[in-house]
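Visitor: I am new to this structure and would rather understand one part well than hurry past many. Please choose a single residue, look at it closely, and then lead me on from there to its wider setting.

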Amino acid sequence: MFPLRVVLLAALVSLTLGQYDDYDYQPASQLGPSGPNCAQECDCPINFPSAMYCDGRKLKFVPVVPTGIKYLYLQNNQIEEIKAGVFDNVTDLRWLVLDHNMITTDKVAKGTIDKLVGLEKLFFSHNQLSEPVLPPSRVLEELKMISNQLSKFPALTDRENLTAVHLQDNKLTSESIAGAFKSLKKLLLLDVSRNKLKKLPAGPPSSLEVLYADHNDIDSIAAGYLNKLPSLKYLRVSNNKLVNSGIPAGVFNVSTLLELDLSFNKLQKIPEVNEMLEQLYLQANQINKFDLESFCKFSGPLNYSRLKHLRLDGNNVTHTSMPDDAANCLRQASEIVFQ
């Protein structure tokens, strides 16, 4: 009896991706009354005096921030510009949240964000930036500029503590980000989904563990690309223009990779993957053959795939396409999804 649970789906089931613009946030109303050291438009709870909450107040400007504030929440307003002087008292600010406003690059005055030498997190998503506005901080750990109008991005230097960069839903091209991240020796996560890339980012650092490049125009993967990323565990390249001729033999056959998402492309064959891969998403391609050698060159007591979940729905294969010896190769799979 075949040990796999083969799931038959009548329709495509979309892969749910996580939310990227969340942050650890507790409303000011839950932190007690406001203290005296605060801008009048905002709240600075006495139980959290280093935080100033100015979110959701229909503000059109950034108020002057008083000394002692380390965490500044300005999301969900109507802010169009950041005027000079507003951060003069808090050049040691740690968190700055500016999500969901209407700020353009030319409306960010010099001597504001570029003075924040102690900034650890900058959340600047859902604005109208055409170029990134960056602090000089060497301690910056997380940068989010999701859903802006970014068409260029400079090389990030002197950012040795940066671990996560979120740039999805912009207008970035492969050329505009070439080499932008190679100096980030601690970078773990890079998300460039929903841009205009034709290739995966050139020159990513070897520290990278998560690379998301969904919803671009990528049609090929450079030979040896993943070999330069010895720590990579999660790679998503769904909703692109990948074809088998653009995938060199063995390009995904790296032992560190745990999850590979190639769904919603134009693949006709299952690409070769490493036996250590655990999650493989291939739904909505044009695959017409279940080639077991893509998972196992040969099967034996110690030679088998560690694949747990495989999605093939929306292709031209069914469970009857599986060869008889698939059970030996895919012995750890708990779910294989066909159409």
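Guide: Let us begin with lysine 58, which counts as exposed because its relative accessibility is 66%, where exposed means over 50% relative accessible area, buried means under 20%, and partly exposed is in between, all found with a 1.4 Å probe on protein chains only. Before going further, please keep in mind that this is a predicted model, in which local features need a pLDDT of at least 70 and side-chain atom pairs count only at pLDDT 80 or more, while totals for chains, interfaces and linings use all residues. Residues are numbered from 1 along each chain as its sequence is written, and side-chain values use heavy atoms, with hydrogens and water left out.

Lysine 58 sits in the loop that runs between strand S2 (51-53) and strand S3 (71-73); helices and strands here are DSSP runs numbered from the N terminus, with at least four residues of H or I for a helix and at least two of E for a strand. The backbone of lysine 58 has a positive phi, near 60 degrees, in a residue that is not glycine. Serine 147 offers a useful counterpart, for it too has a positive phi, of about 55 degrees, without being a glycine, and it lies in the loop between strand S6 (142-144) and strand S7 (164-166). Serine 147, however, is buried, since its relative accessible area is 16%.

The loop of lysine 58 also brings us to the disulfides, of which the structure holds three, a disulfide being taken here as a pair of cysteine sulfur atoms within 2.5 Å. In general, a disulfide is a covalent bond between the sulfur atoms of two cysteines. Cysteine 42 and cysteine 54 are one such pair, with sulfur atoms 2.1 Å apart, and their link is right-handed, with 110 degrees about the S-S bond. Because cysteine 42 belongs to the loop between strand S1 (6-8) and S2, and cysteine 54 to the loop between S2 and S3, this pair ties together parts that are 12 residues apart in sequence. Both ends count as buried, cysteine 42 because its relative accessibility is 5% and cysteine 54 because its value is 0%.

Another disulfide is formed by cysteine 38 and cysteine 44, whose sulfur atoms are 2.2 Å apart; the torsion about their S-S bond is about 75 degrees, so this disulfide is right-handed as well. Cysteine 38 and cysteine 44 are both buried. Further along the chain, cysteine 296 is joined to cysteine 329, with 2.0 Å from S to S, and this link is right-handed, with 85 degrees about the S-S bond. The two ends come from distant parts of the chain, 33 residues apart, since cysteine 296 is found in the loop between strand S12 (279-281) and strand S13 (309-311) and cysteine 329 in helix H1 (residues 326-329). Cysteine 296 is buried at a relative accessible area of 4%, and cysteine 329 is buried at 0%. Counting the bonded cysteines along the chain, the disulfides follow the pattern 1-3, 2-4, 5-6.

From buried cysteines we may turn to the nonpolar cores, each a set of buried Ala, Val, Leu, Ile, Met, Phe, Trp, Tyr and Cys residues joined through side-chain atoms within 4.5 Å. The largest of them has 90 residues, and Phe87, Leu96, Phe124, Phe181 and Phe295 are those with the most contacts inside it. H1 and strand S14 (335-338) each supply at least two residues of this core. Once neighbours within four places in sequence are set aside, phenylalanine 87 is in contact, which means heavy atoms within 4.5 Å, with residues including Val62, Val65, Leu72 and Leu96. Apart from this core lies another, of seven residues, among them Tyr53, Tyr71, Tyr73 and Phe123.

A last stop is the loop between S9 and S10, where asparagine 216 has its place. Asparagine 216 is buried, at a relative accessible area of 5%, and a polar atom of its side chain lies 3.2 Å from the backbone nitrogen of lysine 196. Glycine 224 lies in the loop between strand S9 (210-212) and strand S10 (234-236), yet it counts as partly exposed, at 26% relative accessibility.

Terms used
Polar contact = N/O pair within 3.5 Å; in protein donor to acceptor, adjacent residues only side chain to side chain.
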